[in-house]
Amino acid sequence: MSQPRGVVFPLDPTSGRRSTTATGRAVVADALRDVDPVGAASAERETNWRQGYLPHFRRLVEAGLASPEASLSIARRGLDSLHERMAWSDGSGDHPLDAAFGPATPARALESETVRGEGAPDRTLSVPYAGERLSGDALRRRLDLWVEAGVVEPSCAEAVGLVIDNPDWLDLSDRTVVVLGAAAEMGPLRSLLRWGADVAAVDLPRKDLWDRLIGDTRRLAGSITVPVRPGSEPLAERAGGDLLHDLAAVTRWVTALEGPLTIGNYVYADGETNVRVSMAVDALTRQVVASRGHDDVALAFLATPTDVFAVPGADVERSVDSYAHRRTSKVLRVPLRTVSGGRLLRRNYVPGQDPGINDSVVLQQGPNYLLAKRLQRWRATAYRADGGLVSFKVAPPTRTRSVVKNRALAAAYAGAHRFGIEVFEPGTANTLMAALLVHDLRTGAPARPTAWQDEAYAAVHGGLWTAAYDPRSALGIAALLGIAGAR
């Protein structure tokens, strides 16, 4: 079996294999060590990481609540550990990750080509929803309804309302938005192009992918500048950059773009590759910032709602009230909890918590998924503390292709509305997230007093934070209801 190249997990000296388990366990322990040494030791002693990882990732959030300094320490130590442990592998063996940018790794030169759209820029914020395109007062009413239903944080409605009030904000011609993972369903590319933005689009060198992106661009108003290999073949056959294997080439290409830059991380891959590509993005980011400075580079991230977050006390109060008054409390909850030994339909929170801890992790996603997303959260926290502009937003549960292909998760999403959870269509979700990105770029995304408040600001959690029941304790029932509804 051929060994992976590019950004890789380190070799485990004991087994001689690339162990995602050993790395993940060590990184979590390193992140906790200064703030929570007991938690660090507990992570190191975990013998069944693939099934037992969740309490340790939860502890990363809980330990960070002690003080702003604690959350920043966890972020910096976690980032340092990842960069020290992950490696760059070439034909001669493993090297430190920074070797990807050294003279021993010759970078293939990537050139640039630009595709310009033929449409007129849209200067009105509109969001597709339930077969309509909502703008103006209709969009405000929908935002208010989402707030009323506990689907989004009130600050989300306020932020999007500011974009509605300032349509000139949609003109991003004064910035270059670098969209890493340009074809991602949750990414902002199509919204930005509709508004007339100049986008630097990076994704894998695949002809079918670039045929689609180039076709979309020509129909819209903005432009995409893409990395290309020199040659005379059609653009779609030469476009793209492989972050995992051609990291130095893509990094140099991004560094040379006209600015100021916004580097948006929308990459995703299955399994352990998700950590590897997220590390590649982080290594690229560090190099670009080192070359250009914090003042010239903003960072943008989308967080998954299926993670552990500290949430405002108002969300806890709403959940507790809902738990007390849901009809299932009198009909189903007691017998279901009795039969399941207390596993089903548990409270979402202990009453009175402020902040509360929301745990919406879907265990099937695994520890590598959570580590990749935690890496992005840590970078957002550290970069904001260093004075950089960060747009970090919790995105809603969404019917993306990667979700729908998982039959159990697709069924759970189909039944989620029975528990007060709204699952978004991709077009609604990615347009809303793009509008929040515009808000943050135009307002400077001022930092809140704590990292958890930065993460919670304008979150679109779909109701996971305000639901009566712990999401995992209702997931199986939601799936059964979803299957029954489909029939």
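1. The crossing of helices α11 and α12 is right-handed in this predicted model. Helix α11 covers residues 247–255 and helix α12 covers residues 272–292, and the two pack at an angle of about 40° with their axes 10 Å apart. That angle makes α11 oblique to α12, because an angle counts as oblique when it falls outside the ranges for roughly parallel, roughly antiparallel and roughly perpendicular.

2. For a reader who wishes to follow this contact residue by residue, the α11 side consists of Leu247, Val250, Thr251, Val254 and Thr255, and these meet Ala280, Ala283, Leu284, Gln287, Val288, Ser291 and Arg292 in α12. Sorted by class, the residues of the contact of α11 with α12 come to seven nonpolar, four polar and one charged.

3. Helix α11 also holds Ala249, a residue that is buried, since its relative accessible area is 7% and buried means under 20%. Ala249 and Leu110 stand 139 residues apart along the chain, yet their C-alpha atoms are separated by 6.4 Å.

4. Beyond α11, the chain enters the loop between α11 and β10 (261–265), and Pro260 is found there. The peptide bond that joins Gly259 and Pro260 is cis, with omega at about 0°. A cis peptide bond also joins Asp354 and Pro355, again with omega of about 0°, and Pro355 has its place in the loop between α15 (333–339) and β13 (356–359). A reader checking the backbone may wish to look at both of these bonds.

5. A second helix pair is formed by α4 (residues 54–64) and α16 (residues 366–385), whose axes come within 11 Å and cross at roughly 10°. This makes α4 roughly parallel to α16, because angles under 35 degrees count as roughly parallel. On the α4 side, Leu54, Phe57, Leu60 and Val61 take part, and they meet Pro367, Leu370, Leu371, Arg374, Arg377 and Trp378 in α16. The contact of α4 with α16 has eight nonpolar residues, no polar residues and two charged residues.

6. How do helices α7 and α19 lie with respect to each other, roughly parallel or roughly perpendicular? Helix α7 (residues 154–165) and helix α19 (residues 426–443) pack at an angle of about 75°, with their axes 9 Å apart, and that makes α7 roughly perpendicular to α19, since the range for this class is 65 to 115 degrees. Cys156, Ala159, Val160, Leu162 and Val163 in α7 meet Leu432, Ala435, Leu436, Val438 and His439 in α19. By class, the residues of this contact are nine nonpolar, one polar and no charged.

7. Two alanines deserve a look for their backbone angles. Ala130 has a phi near 50°, which is a positive value in a residue other than glycine, and Ala130 is found in the loop between β5 (126–129) and β6 (132–135). Ala458, likewise not a glycine, has a positive phi of about 60°, and Ala458 lies in the loop between α20 (451–456) and α21 (471–486).

8. Which of these alanines is buried, and which is exposed? Ala130 is exposed, because its relative accessible area is 67% and exposed means over 50%. Ala458, in contrast, is buried, with a relative accessible area of 0%.

9. Ser89 is found in strand β2 (residues 87–90) and is buried, with a relative accessible area of 7%. Its side chain is joined to that of Asp94 by a polar contact of 3.4 Å. When its neighbours within four places in sequence are left aside, Ser89 is in contact with Pro4, Arg5, Gly6, Val8, Arg18 and Asp94.

10. Gly117 has its place in the loop between β4 (111–116) and β5. Its separation from Phe9 amounts to 108 residues in sequence and 40 Å in space, taken from C-alpha to C-alpha. Neighbours within four places in sequence again being left aside, Gly117 is in contact with Thr217, Arg218, Leu220, Ala221 and Gly222.

Notes
Residues are numbered from 1 along each chain as its sequence is written. This is a predicted model: local features need pLDDT of at least 70, side-chain atom pairs count only at pLDDT 80 or more; totals for chains, interfaces and linings use all residues. Side-chain values use heavy atoms; hydrogens and water are left out. Axes are lines fitted to C-alpha atoms, for helices over the stretch in contact, and angles run from 0 to 180 degrees between N-to-C directions. Helices (H or I, at least four residues) and strands (E, at least two) are DSSP runs, numbered from the N terminus. Angles under 35 degrees count as roughly parallel, over 145 as roughly antiparallel, 65 to 115 as roughly perpendicular and the rest as oblique. A crossing is left-handed if the near helix is turned anticlockwise from the far one by less than a right angle, and right-handed if clockwise. Contact means heavy atoms within 4.5 Å. Ala, Val, Leu, Ile, Met, Phe, Trp, Tyr, Cys and Pro count as nonpolar, Asp, Glu, Lys and Arg as charged, and the others, Gly among them, as polar. Buried means under 20% relative accessible area, exposed over 50%, partly exposed in between (1.4 Å probe, protein chains only). A polar contact is a pair of N or O atoms within 3.5 Å; within protein, one must be able to donate a hydrogen and the other to accept it, and residues adjacent in sequence count only if both atoms are side-chain atoms.
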